[in-house]
Amino acid sequence: MNWDSPILQVTGISKSFNNIPALNSIDLSLNPGEVRALIGQNGAGKSTLIKILNGAYTLDSGSILFDNKQVQYSSPYQAQLDGMSTIFQEVNLLGYRTVAENIMAGREIKRYGLIDWAACNKFADEAVKILGLDIDVTRTLDSFNVAIQQLIAIARSVSFNAKVLIMDEPTASLDEAEKKTLFKVVKDLKTQGVAILYVSHHLEELFEICDSVSVMRDGRMIETSLIKDLTKKDMVAKMLGKRVEDILSDENARPKVCANDEVILHVEKISGSGVLKEVTFELKKGEILGLAGLLGSGRSEVAKRIFGAEQDDSYQGKISINDITIGVNGPKIAIEKGIAFCSEDRKNEGIIPEMSVRENMSLVILDSLSKNGLIDKEKEMALVDSYIKKLGIKVSDMEQPISQLSGGNQQKVLLARWMANNPEVLILDEPTRGIDVGAKSEITDLILSLAEQGLSVLFISSEYEEISASCHKVLVMQEGISRDYLHYDEISENAILDELGKH
Amino acid sequence: MDMINQQIDKNESSGSIASSAKFKALLKNNGALVALIVLLIINAIFTPHFFAMQTFYINMTQVAPIAIVAIGMCLVIASGNGGIDISVGSVLALAGALAPMVFMSEFGLNNPGIAIALAIVLPLLVATSCGLFNGFLVGHYRIQPMIATLILFISGRGIAQLLTNGDIQTFNNDFFQYLGTGRLFGIPIQAVILIIIALFVSWIIKTSKFGRYLLAVGGNDKAAFLCGLPTFKVKLIAYGFCGFCAGMAGLFTTAMNSASDANTAGLLMELDGISAAVVGGTVMMGGKAPVIGAVIGALVIQMMTYTLLANGISDSAAMIAKAAIIIGAIYLQLKNKQKH
C-alpha cells in the first residue's frame, strides 16, 4: 500500500441547497489499495459527498484532485470514463438486456459504424472473469439473482479501469454467502491497487474488509482513523455524537423471557408458491419469533402466505389464528383477523410516496375513522399526532410527503399505520433494512415493548446479529423447509450459522 | 439528503422567502389558472365583443363536454398504473346516438314524458356500463389501460354507427334540446351541471374514504393492496364514472346540435380530455386528482382556441397553439417533480 501519494484528494468541499449547508468544508484523501469506510447517520452528508465526487452534483467550493489532476465531473458517466466509478445500493442496470449489453452500454465496440457484438461479448466475458464469475454474458441480466447482478454492476465499473470505486451499501440486497463473494472481490481489487470508498450501515462487515474509517455527522467530517483502533461502539458513538458510555450495550436490547403459553398463530405444513415445501411453527402471545435463513429460503414467502398477499392455487397446508382457519383470501381478511404485515420492500410495497405522513398512516384504519363514507379529519389528525409523538417520528408536520422522510422515519410511520389497527400478530420482513444505527435501535426497542404488551411478532431478517438480539425464539429455514427452533438461551449468531450448516 | 430536502420544504412552507419566490410558487402550482387569467385579459383587450353574453354562452356550451370528460379522465389517470381511457369519444358517440332513438321510437312518441327521462337515463347507463367494462378489464385482468380501452374506442363508435345505420338523426324536441340550449339563472344548463359535478367530485376526492382510496391505489397499488384496500373496486368506480362523464358529454353534444351523428360526435375527444386533465395538473403517473384543475385546463384550451379564431387565426394554427399549452403544462410538471 502506498500511503504517501493519494489517488484522490478532496479539500474543503462545501455544498448548500437553498442556502442550507449540506456539506461543510469536507477533507478526504484516499490511497491506492485502500478500502475506506464512510459512515454516518442518514442525513450526515454521505450521499451528497458521493454525488459531488462522481459529478451528479456540482460543488460550491473546494477542490477534487484525482490522479494528480484537478477534476469536476459533469455526470457519473463522465467520472466512470475517467476511472472513478460508483456502484449504487440498488442495481442500476437494465434487467431485460444481456449481461454484455449492460457492461458495454455507452461504449460499445464498433466496426464499420455498427456494433461488433462478438468483440463486445468477449470484452464483457473478460470483465466478469476478473471477478471470478463464470457466467454466460449473452443471457439477460434478470436471469441472474440479485447478488450476481450486483457483481455484474461491479464488473462494469471495474472494467472502466477504475482507480477509485465508490460503493454505496453494496450488501443491502445480499445474503451471507453472497456477501462473502463480494468481500473477496473487494480484497482482490485492493491488491490490484484500486482505492475503494465503502459506504455501509452494517458496521460489522467493515471490520472484515476496511483499512480505515471516516465518520461524517451533520455535514462535517468528524474523524478518520484506522479501523483497528476502533470498536463498533466507538463508531456508533462518533456517528451519533455521543459518548461511548451512553450507547446502550447489546445485552440491554434482548427481550424479557416470554412466559405466556397461549398460542395465537398456528402454521401447519404450508407449501406452495414454488418456494415453500413444508413450514410448520407456532407463535405465542407476546412472543417474538425470528425467521432466519438465506435468501431464497422462503422467509418472505411464509410472511406473504400468512397475510394472503399473493393469490396462488398451489398453496397447501393450514394456517389458523386464535383457532380460526384462514385461507388465501387477500390481505383484507388477514387484517380483519388481526394480522399486520410490513413488507421488506418499503419503497414499492409500503409507502404511498405522493401522500403525506397523515394519509399514509391512517390508510389501514380509514374505516373506523369514517362515517357514511366521509373521513372524520379531526379524529384522523388527533390519531396521527399521537403516534408521531409516541414513536418520536421526525417530521416538519404531518402534511409532509412521506417520501421526504429518512428511511427510519418512513418505517416508523408504517409501523404506526399497523399499530393503529391494534393487531394481534405483526409480521415484520426486514424491518431495519437501509435504516441507520440510531433509528434501528429505536425501532428494535419499539418492537420489544410492543411484544411486552402482548403483541406476537414474526421477525424476518437476514441479519443474524439483529435476530439473535431481539427474538425469544428463532426458527431456521432452509430451501422452503422449517428446521429446528433455537430457544431463548441457545440463540446466538453462531448458533444460527451452525444450524444453517447442519442440513 | 433527506434532511436537506426536509429543510428546503420547511423553508418554502414557512413563507420566509421573498414575495417573488412566492409568486413563482403560485405560478408553478396554479399554472392553468394563471394561463386562464392571462387569456381573459388578452381577450378583454383584443377581441371585439368579448364581454357580450353571446360570447360567454358559446364558450360555456362548447367547453362543457370537454370539461366533463376531463373530470372523468382525471379520476382514471389518478387511479394509476398507466390509467387512461381512450374510449371516451366513442362512448360519447354511442350515448349521443341512443338518446334520440329513445324519444323518436314509437314508444317514445306515445309516452313523451317517460321517453325524455329514459332518453337521459338509458344512454347514461349504457355509457357507465362501458366504463365499468373498461374498469373490469383493467382492475381484474390487469390489462394495460391503453389497450383495454382501445376495445371500446374501436367498437363503441361501430355500435353507434350500426344503431343509426351511419345516418345523422335530426330531431325537434324542446325538452331534450333544453340540455343543449337551456339556461338556468342565465347560465347555460351544461355549465350548471358541469359546475355541480366538478364541485361534488372534488369534494368526494378531498373528504371521502373513496377519494383517499383512489389516490392511494393510484400512488402505489401494491402498497394499497397490502393495506387491505379494495383496489379492484376503486378502479371499477373510476373507469365507470369516466364512462358516465362521457355519456353526459354525449347528451350535451346531441342536444346542442339537435342531431346525433355517430360518425363525428366526440371525435378526438379522448385527446382533448387528456390534454385538459394534464394542463390542469393531473400527473400521468397517477395518485393526484385535481378535478377543478381539469375543468380549468379545459377552459384554458377552449379560450386559447376561441381567442385565435376570434382574431382571425386559422384552425390549424389553433391546433399548434393547443400543443404549446400542453408543452407548457408538462414543463411545469417536470419543474415540480425536480423539487423532490
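**Chains A and B: contacts, cores and one helix residue**

In this model, 36 residues of chain A are in contact with 30 residues of chain B. Keep in mind that the model is predicted.

Let me stay with the chain A side for a moment. Five elements each supply at least two residues of the side that touches chain B: the strands β2 (20-30) and β20 (374-375), and the helices α1 (46-53), α10 (331-336) and α11 (346-349). The most comes from α10(A), with three residues. By residue class, that side of chain A divides into 17 nonpolar, 15 polar and four charged.

Chain A also carries an annotation. The unreviewed UniProt entry has "domain: ABC transporter" over residues 8-243 and 259-500 of chain A. Taking residues 259-500, the chain there is 36% helix and 26% strand. The end C-alpha atoms of that stretch are 27 Å apart.

Now chain B. Its secondary structure comes to 16 helices and four strands. Its radius of gyration is 21 Å, and the globule rule gives 20 Å for 340 residues, so chain B is as compact as a globular protein of that length. Along the principal axes, the C-alpha atoms of chain B fill a box of roughly 70 × 55 × 35 Å. Of its 340 residues, 49% count as buried. As for contacts in chain B with a separation of 6 or more, 78% are between residues 24 or more positions apart.

Next, the nonpolar cores. Which residues have the most contacts inside the largest one? They are B:Ala67, B:Ala70 and B:Ile71, in a core of 174 residues. Take B:Ile71 and leave aside its neighbours within four places in sequence: B:Ile71 is then in contact with B:Ile197, B:Ala198, B:Val201, B:Cys245, B:Val291, B:Ala294 and B:Val295. There is a second, separate core of 72 residues, and among its members are A:Val35, A:Ile52, A:Ile152 and A:Val236. As background, nonpolar side chains tend to be buried together in soluble globular proteins.

Last, a single residue, B:Leu40, which lies in helix α3 (residues 31-46) of chain B. Is B:Leu40 buried or exposed? Neither label fits: B:Leu40 has 14 C-beta neighbours inside 10 Å, and buried would need 20 or more while exposed would need 12 or fewer, so B:Leu40 counts as partly exposed. B:Leu40 and B:Val300 are 260 residues apart along the chain, and their C-alpha atoms are separated by 9.4 Å.

Methods
Residues are numbered from 1 along each chain as its sequence is written. Chains are lettered from A and ligands numbered from 1 in the order in which they are written. This is a predicted model: local features need pLDDT of at least 70, side-chain atom pairs count only at pLDDT 80 or more; totals for chains, interfaces and linings use all residues. Two residues are in contact if their C-beta atoms, placed from the backbone, lie within 7 Å. Ala, Val, Leu, Ile, Met, Phe, Trp, Tyr, Cys and Pro count as nonpolar, Asp, Glu, Lys and Arg as charged, and the others, Gly among them, as polar. A nonpolar core is a set of buried Ala, Val, Leu, Ile, Met, Phe, Trp, Tyr and Cys residues joined through C-beta atoms within 7 Å. The radius of gyration is taken over C-alpha atoms; the globule rule is 2.2 Å times the number of residues to the power 0.38. UniProt positions are given in the numbering used here, feature names are shortened, and annotations may be inferred rather than shown by experiment.
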